[in-house]
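Trainee: Have you got a few minutes to walk through this structure with me? I'd like to go region by region.
Mentor: Happy to, let's put it up.

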Amino acid sequence: MTQSLRAADILARRLYEAGCRHAFGMPGGEVLTLVDALTRVGITFHLAKHENCAGFMGEGVHHSDGAPAILVATLGPGALNGVNVVANAHQDRVPMLVLTGCVDADEAQTYTHQVLDQQAVFAPITKASFRLDAAAAEVIADKAVAIAGEARQGPVHIDVPISVANAPATPRNTRRAPAGACAPAGATLAQAQDWLHEAKRPLAVVGLDALLPGGPDATRAFLEARQIPFVTTYKAKGILPEDHPLCLGGAGLSPLADRHLLPLVEASDLILGIGYDPIEMRTGWRAAWDATETRVIDITPESNTHYMHQASLPLIADIPATLNALAVAPQPAPPWPNGEIGKAKGALAEAFPRSDDWGPAGVIAECIDTLPADSLLTADSGAHRILLSQMWPCQEPRQLVQSSGLCTMGCAVPLAMGRKLAEPERTVVSFSGDAGFLMVAGELATAAELGLAPIFVVFVDASLALIDLKQRQRQLPNAGVDFGRHDFAAIGRAFGGEGHRVQNRTELRAALEAAQSASTFTVIAAEIDKESYDGRI
């Protein structure tokens, strides 16, 4: 006898079809049918300790398998606990399905306990919000998956009423066909090709949208064919290996790096924004060029309405198709003939050396020297993230993932757990400040329960070091940035992992080598001085 399908089953089947194999969250009674449906279809539900971390674990998996992340939360406080990670997904362009339980519409008229308008909560921080209906379950599921995956990608929310999840539903086999790739043509294309041919000092700024399917290969082929040097945002690091002669590394948050990069922007006679989304950039990159004086071609999947920069020729089109169309432009003379790019690369190397005996740069340098070159990395927000993003030479797209749009703390640990779950054979390392680590330390229990063995490097300086630095730069008195210096290695051991306290590069090297062969996760507490970031970022 064939078992009848529930609305929750229809939704789960569509998510499985989209490639989803993992869901994360903390269930309440209102989502039990949904969890059951996910499990039946082959999507493993993983219990986290907090919904915010659950969402970041899902994002970590997404960066490995490309499927939308799934966050499951019960109604009220469960849903609200996920607001941070959903807002992060919205600003960091992460496809995510946010599935929240809710009471039935008639019940909400006379019952108020834990009841609030969750669609109103999520509407400003998602691409769309739906309320599941049994008769339209497959249509809603397909819309949600399609919208989440369309550029720019982002989260979509579905409120799932208790009785609707369990209501009988019939599949319709409704699927929206993906849009075909479009590229500029005619006079617009000819103008862009002419500008490419005439440019003597072109510079590309590559952003997150270039990581969409087909983007990395097309970007590499285009830049290499035309020998155009490039800068990436932090989340686009590794789109070409960062030891590539055309690569000037990452940009976005480091005033020290900008001293060498922004003069190149000013000297350029053609700026190419390739999937460049300035949501990752600090204010120093606002109006970094004048599009009335410098030719600027902006290639994006949707129109930029942010006014962080303007373009002389905006191309709202598929990035790979557009780059392929531009590739037939006549080849110009070798760009930047006076060696400016080589000089800038040398100056950046001197600005971010790997020779420090200790301090945050010494910790990062030792990790670069000791860990495999293809290690997968996650970074929490803070001063260490800026330094790490400038120093670490990524070899592939998404090798280093972080929160660059929202810049939220507490993301590195759960991101690393998701990546390790999806790619257990890879070395996965998270880098956290001690404050960010304390926010999510309870998820070490989840790592132990899931049998995961990432390496958690913690910069221990007993301070919000980046905020302390800003406070001192403004000559304000010390207030609200310092806290206790805790035993993070012991915290790791208490949750069933390994723990090491290190105070020099030799001790760190030994801890990293032991962690790579450990059967469980490892917490490495690297003790540094909070003022050791001064002049380094």
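Trainee: Let me start with I279: is I279 buried, partly exposed or exposed?
Mentor: Before I answer, keep in mind that this is a predicted model. I279 counts as partly exposed, because its relative accessibility is 28%.

Trainee: Where is I279 placed?
Mentor: I279 belongs to the loop between strand 10 and strand 11.

Trainee: And what does I279 touch, leaving out residues up to four places away in sequence?
Mentor: I279 touches Q91, R93, S404 and G405 on that count. You can also look at H306: 27 residues separate I279 from H306 in sequence, and their C-alpha atoms are 8.5 Å apart in space.

Trainee: R93 caught my eye there. Which loop holds R93?
Mentor: R93 is in the loop between helix 5 and strand 4, just after helix 5. R93 has a positive phi of about 60°, although it is not a glycine.

Trainee: Buried or exposed, that R93?
Mentor: R93 counts as buried, because its relative accessibility is 19% and the cut-off for buried is under 20%.

Trainee: Which other non-glycine residue could I look at for a positive phi?
Mentor: Try A287, where phi is near 55°. A287 sits in the loop between strand 10 and strand 11. A287 counts as exposed, because its relative accessibility is 54%.

Trainee: Back to helix 5, then. Which of the residues of helix 5 are buried?
Mentor: Helix 5 spans residues 83-91, and its buried residues are V85, V86, A87, N88 and A89.

Trainee: What covers those buried residues of helix 5?
Mentor: The cover includes two helices, helix 3 (51-65) and helix 7 (118-122). It also includes strand 3 (69-73), strand 4 (96-102) and strand 6 (155-161).

Trainee: Speaking of strand 6, what should I know about the loop leading from helix 8 to it?
Mentor: Look at R152, which is found in the loop between helix 8 (137-149) and strand 6. The peptide bond from A151 to R152 is cis, with omega near -10°.

Trainee: New topic: T233. Where is the place of T233?
Mentor: T233 is in strand 8, residues 230-233. With a relative accessible area of 0%, T233 is buried.

Trainee: What does the side chain of T233 join up with?
Mentor: Its partner is the side chain of E280, through a polar contact of 2.7 Å. Setting aside neighbours within four places in sequence, T233 is in contact with V206, G207, L208, A251, Y276, E280 and M281.

Trainee: Let's do the sheet with strand 16. How many strands form that open sheet, and in what order?
Mentor: The sheet has 6 strands in the order 14-13-15-16-18-17, and the pairing is parallel. Its edge strands are strand 14 (400-402) and strand 17 (498-502), each pairing on one side only. On average, neighbouring strands of this sheet are turned by 20° against each other, direction ignored.

Trainee: Why is strand 16 largely enclosed by the rest of the structure?
Mentor: Because 6 of the 6 residues of strand 16, residues 455-460, are buried. I455, V457 and F459 point one way, F456, V458 and V460 point the other way, and all are buried.

Trainee: How many bridges join strand 15 to strand 16?
Mentor: There are 5 bridges between strand 15 (residues 428-433) and strand 16, and the two run parallel. Along that pairing, V429 stands opposite I455, and G433 stands opposite F459.

Trainee: And how many bridges join strand 16 to strand 18?
Mentor: That pair has 6 bridges and also runs parallel, with strand 18 covering residues 522-527. There, V460 stands opposite E527.

Trainee: Which helix lies across strand 16, strand 17 and strand 18?
Mentor: That is helix 22 (residues 505-516), running at about 165° to strand 17.

Trainee: Last one: how do helix 15 and helix 16 cross?
Mentor: The axes of helix 15 (residues 359-370) and helix 16 (residues 383-391) come within 10 Å and cross at roughly 40°. Helix 15 is therefore oblique to helix 16. The crossing is right-handed. On the helix 15 side the contact is made by P360, A361, I364, A365 and I368, and on the helix 16 side by H384, L387, L388 and M391.

Note on methods
Residues are numbered from 1 along each chain as its sequence is written. This is a predicted model: local features need pLDDT of at least 70, side-chain atom pairs count only at pLDDT 80 or more; totals for chains, interfaces and linings use all residues. Side-chain values use heavy atoms; hydrogens and water are left out. Buried means under 20% relative accessible area, exposed over 50%, partly exposed in between (1.4 Å probe, protein chains only). Helices (H or I, at least four residues) and strands (E, at least two) are DSSP runs, numbered from the N terminus. Contact means heavy atoms within 4.5 Å. A polar contact is a pair of N or O atoms within 3.5 Å; within protein, one must be able to donate a hydrogen and the other to accept it, and residues adjacent in sequence count only if both atoms are side-chain atoms. Two strands pair if DSSP finds at least two bridges between them. Axes are lines fitted to C-alpha atoms, for helices over the stretch in contact, and angles run from 0 to 180 degrees between N-to-C directions. Angles under 35 degrees count as roughly parallel, over 145 as roughly antiparallel, 65 to 115 as roughly perpendicular and the rest as oblique. A crossing is left-handed if the near helix is turned anticlockwise from the far one by less than a right angle, and right-handed if clockwise.
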